[in-house]
Amino acid sequence: MLRFVVRRLLLLIPILIGVSILVFFWIRALPGGPAAALLGERATPEAVAAIEHQYGLDQPIYVQYGKYVKQLATLQFGNSSVSRQPVTTEFRQRFPATIELAFAAGLFAVVFGIPLGFFAAKRYQGVVDHTSLVVSLIGISTPIFFLALILKYVFSVRLGWLPSVGRMSVLIDVPHPTNFYLLDAILARNWTAFVDVSKHLILPAIALGSIPLAIIARITRASVLDVQNEDYVRRAVDFHHVLRNAMLPISTIIGLQVGLLLSGAVLTETVFAFPGIGSWLVDAIKARNYPVIQGGVLFVAIIVVFVNLLVDLSYGVLNPRIRLSK
Amino acid sequence: MRGKLLKFALPCVAFLALIAAGCGGSDTSSSGTGTSGTETGGGGGGTLVFASSADPVALDGILVSDGESSRVIEQIFETLVDLKPGTTEVEPGLAESWEASSDGTAWTFHLRQGVKFSDGTDFNADAVCFNFDRWYNFKGSFQNPSATYYWQTIFGGFSTYNPKSGAPKESLYKSCEATDANTAVITLTKPSASFIAGLTLTPFSIGSPKALQEFKADEGSVDADGIFHPTGTYATEHPTGTGPFMFESWSRGDKLVLVRNPNYWGASSDNPTAFNGTGASLDQLIFRPIADNAARLQALQTGEINGYDLVEPQDIPTIQENTDLQILDRPAFNVGYVGFNISMPPLDNPKVRQAIAYGLDRQGVVDSFYAGRGEVAKEFMPPSLFGYADDVPEYTYDPEKSKQLLQEAGLTLPVTIDFWYPTDVSRPYMPDPKRNFEAFSASLEKAGFKVVPHSAPWSPDYLGKSDEGQLQVYLLGWTGDFGDPDDFIGVFFQSPQKQWGTDTNDQMKAVQDILDQAEQETDEAKRTELYQEANRQIMTILPGVPYAHNKPAIAFQANVSGYVPSPVDLQSFATVSVG
């Protein structure tokens with residue numbers, strides 16, 4: 001088991017090297033650089049040249065890459081070319097938002113998806129089954145930003161039930177020691193703040209969780225149907241037994257979905273003005289903010305690898321028949 | 001089979017019904033969701049939440065050039081000279097009056113008395129000179145154009161010259177002397193009158209010397225990427241000025257909170273011009289960054305914000321139809337133009353340029369694509385700016401005249417031109433470049449031209465190409481920063497620029513001379529005449545054809561009053577109240 005974990009962690013190294021190379025060269029292949037983004041119409045050729053020189057962008061690409069590798073080796077991620085703040089600081093400030101959102105979306109997807117799939121399988125070919133099919137199809141095919149806009153329009157603008165932007169009302173003041181707003185509200189024993197933060201999470205969580213919901217529902221349904229048909233289960237068809245055996249493929253999918261959720265929630269964060277790493281990276285790409293893009297993508301890659309490792313480890317827990325060997 | 005169909009149909013119908021319910025009916029704004037920013041009425045107190053498009057970069061004026069930093073800095077700090085709200089007219093700010101020496105190089109500023117910074121220290125001539133000298137003595141990466149763009153635009157270089165920094169060698173600034181507590185004399189290296197209007201810009205805000213030093217405004221290091229990282233906290237936690245608001249807190253991506261400065265000397269909505277110390281109307285001013293335009297609009301509709309800037313043209317009717325919301329007009333301070341590279345044949349022939357001018361249906365474009373908010377431009381600066389000439393040569397759409405001119409130039413019709421427009425962009429002076437292009441193309445084709453269309457993404461391709469002079473005929477424009485013709489025609493034509501052609505010297509020499517002269521002329525009346533003459537000459541030589549001035553729009557909830565939009569985007573919230 002330990003060897004398994006260590007091996008997987010060691011695999012991180014070539015993965016990160018690969019990701020760093022790809023990101024480094026890809027963003028430099030994008031037309032333009034930080035100079036045009038910083039100065040806009042006021043960019044004269046002299047000003048652009050001065051900025052490129054200052055940032056070392058006028059040097060040959062292999063020289064730039066060498067410098068980059070050296071910095072990475074010493075764990076220096078540099079500063080944002082826009083805000084001039086350290087990339088690691090900005091990541092630390094914004095990541096909790098994405099985690100909270102991903103958690104809320106994942107919770108939504110699992111809490112509604114698994115029962116939906118389970119009951120669809122139990123009442124095979126019934127109304128619930130067909131409803132869940134339609135809902136899944138709609139969930140998967142609707143572009144997230146479109147769904148987000150519709151949710152905002154219906155529930156915020158027309159009905160006024162839920163807020164449309166941000167993580168919390170700007171009128172509420174709560175200290176943020178952890179930057180996980182739900183946690184901060186609990187620590188400050190501020191119930192109004194807790195409710196407010198939860199309200200701000202609902203619509204983005206639904207938008208972001210719509211696709212995972214659909215997928216989890218379908219996988220659960222298929223998995224439950226499969227297991228139901230196996231002889232040894234026919235005699236005791238109940239939630240706990242069936243589900244336990246169906247969980248293997250379900251947990252794989254959940255693991256992959258969590259990786260996807262964490263890796264940006266780009267569209268959702270943009271539409272809801274949610275200050276997480278998705279919107280951080282989008283703004284950075286628009287501004288050709290190389291240090292942020294490079295550092296941010298690398299951090300996200302690390303997270304995705306870790307999550308997948310945890311998912312693999314969970315197999316052993318869920319189904320002792322599977323031994324994690326070499 | 002029928003049963004199965006029904007089971008499919010039911011959920012589908014239910015979903016469609018939900019959508020229809022949501023989308024149907026007239027669009028009336030719902031009342032606030034409890035997170036609304038509208039507070040107590042009566043003009044006193046309250047909180048206003050304003051959505052910006054991004055976080056400020058930093059709150060140290062001299063080191064930033066982005067509009068969002070400027071928007072916040074404008075509330076906390078003040079400059080020596082101000083603009084009369086809603087205009088580009090200079091009026092007293094922290095300086096009550098000023099005069100130039102006879103040779104135009106030494107400017108004496110008589111400062112307001114009894115003004116304090118929000119940390120309790122005195123505002124005086126020493127503070128003014130401290131600030132100016134700080135800027136002049138910047139070294140290292142502070143000299144880079146991305147750091148100190150506006151110092152370099154107005155004053156040029158610094159006390160030490162570094163060829164690699166990108167900053168110019170010469171500086172307009174020579175020194176600052178505090179002759180007594182309330183008199184500061186700024187000496188220039190050569191006469192200039194345009195720098196006074198430049199001093200209204202937020203980069204020239206006067207900060208508390210005590211805070212600048214205590215919170216290490218100039219300290220930081222340049223990292224391996226060449227990016228300057230400030231280690232002091234002045235610009236992010238302790239910006240200290242004399243303005244109507246004070247900094248309270250800033251959580252990036254979330255909100256920036258300013259509170260009323262109880263010791264502010266200046267105006268409030270009760271008494272706009274008196275020195276009465278009652279300060280701003282609002283108790284609290286909160287800026288929250290919302291990058292997506294649709295999100296900003298919806299946040300205004302739900303009441304989560306009280307106002308936002310940079311309203312997209314297509315949203316203006318939506319907001320105007322809503323009785324709970326209002327649109328305010330920002331006076332036009334921009335110009336959209338069709339530019340020429342007059343070194344590229346056949347544009348080197350003035351008759352051809354005139355033919356193009358007569359061949360552009362400018363009125364048609366302004367009427368169709370500017371949502372009723374544009375006006376046809378007849379010269380390269382807006383009518384509200386001094387130096388505007390009413391009697392410049394005009395070129396109303398006349399395709400027959402175009403053809404005639406082309407034949408006089410000895411060319412066979414149709415004359416081929418390469419016409420460029422940018423993609424992926426909307427500018428205040430050019431909301432939809434493609435449609436402008438298509439309409440202009442059509443009118444030019446009727447006027448004896450054959451248009452070869454070209455396009456490129458705005459940034460960096462299009463801008464880069466125009467900077468390098470690679471575009472023959474192109475759509476471009478400019479939004480003014482400060483209320484001086486120098487910021488329009490000075491920027492375009494005072495020194496040779498590749499975008500107009502590499503040998504503009506010959507054809508534009510007369511214009512360059514007038515602009516040089518006008519920049520230094522300290523007599524207002526004479527300056528105005530010089531700029532008017534420059535405009536006449538420019539519109540005769542025709543290095544391009546200006547076609548539109550457009551009014552940008554700002555949106556607020558209907559119960560917000562007192563906001564006076566400025567042509568150059570310098571608005572104080574001190575006179576604003578909610579409810």
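Visitor: Where in chain A is A:Arg84 found?

Guide: In this predicted model, A:Arg84 is found in the loop between α4 and α5 of chain A. The phi angle of A:Arg84 is near 65°, a positive value in a residue other than glycine.

Visitor: Is A:Arg84 buried or exposed?

Guide: One counts the C-beta atoms around the residue, and 20 or more within 10 Å make a residue buried. A:Arg84 has 20 C-beta neighbours inside 10 Å, and therefore counts as buried.

Visitor: How should A:Arg189 be read, as buried or exposed?

Guide: Here the other cut-off applies: a residue with 12 or fewer such neighbours is exposed. A:Arg189 counts as exposed because 9 C-beta neighbours lie inside 10 Å. A:Arg189 lies in the loop between α8 (181–187) and α9 (191–228) of chain A, and its phi is near 50°, again a positive value in a residue other than glycine.

Visitor: How many residues of chain A are in contact with chain B?

Guide: The size of an interface is often given as the accessible area lost when the parts come together. Here one may count residues instead: 65 residues of chain A are in contact with 56 residues of chain B. Several helices of chain A each supply at least two residues of the side that touches chain B, including α5 (87–122) and α6 (127–141). By class, that side of chain A has 34 nonpolar, 21 polar and 10 charged residues.

Visitor: How many helices and strands are there in chain B?

Guide: Chain B has 17 helices and 23 strands. Of its 579 residues, 52% are buried.

Visitor: Which strands pair with β15(B)?

Guide: Strand pairing is read from the bridges between two strands. Seven bridges join β15(B) to β19 (residues 473–479) of chain B, and these two strands run antiparallel; B:Val335 stands opposite B:Trp478. Four bridges, also in the antiparallel sense, link β15(B) to β20 (residues 544–550) of chain B, where B:Val338 faces B:Val545.

Visitor: How many residues of β15 are buried?

Guide: Strand β15 (residues 334–340) of chain B has seven of its seven residues buried. B:Asn334, B:Gly336, B:Val338 and B:Phe340 point one way, while B:Val335, B:Tyr337 and B:Gly339 point the other way.

Visitor: Which residues does a cis peptide bond join in the loop after β15?

Guide: Omega is the angle to read. A cis peptide bond joins B:Pro345 and B:Pro346, with omega about -5°, and B:Pro346 is in the loop between β15 and α10 (350–359) of chain B. The peptide bond from B:Leu413 to B:Pro414 is cis too, with omega near -5°. B:Pro414 lies in the loop between α12 (399–408) and β17 (415–423) of chain B.

Key: Residues numbered from 1 in each chain as written. Chains lettered and ligands numbered in written order. Predicted model: local features only at pLDDT ≥ 70, side-chain atom pairs only at ≥ 80, totals over all residues. Contact = placed C-beta atoms within 7 Å. Nonpolar A, V, L, I, M, F, W, Y, C, P; charged D, E, K, R; others polar.
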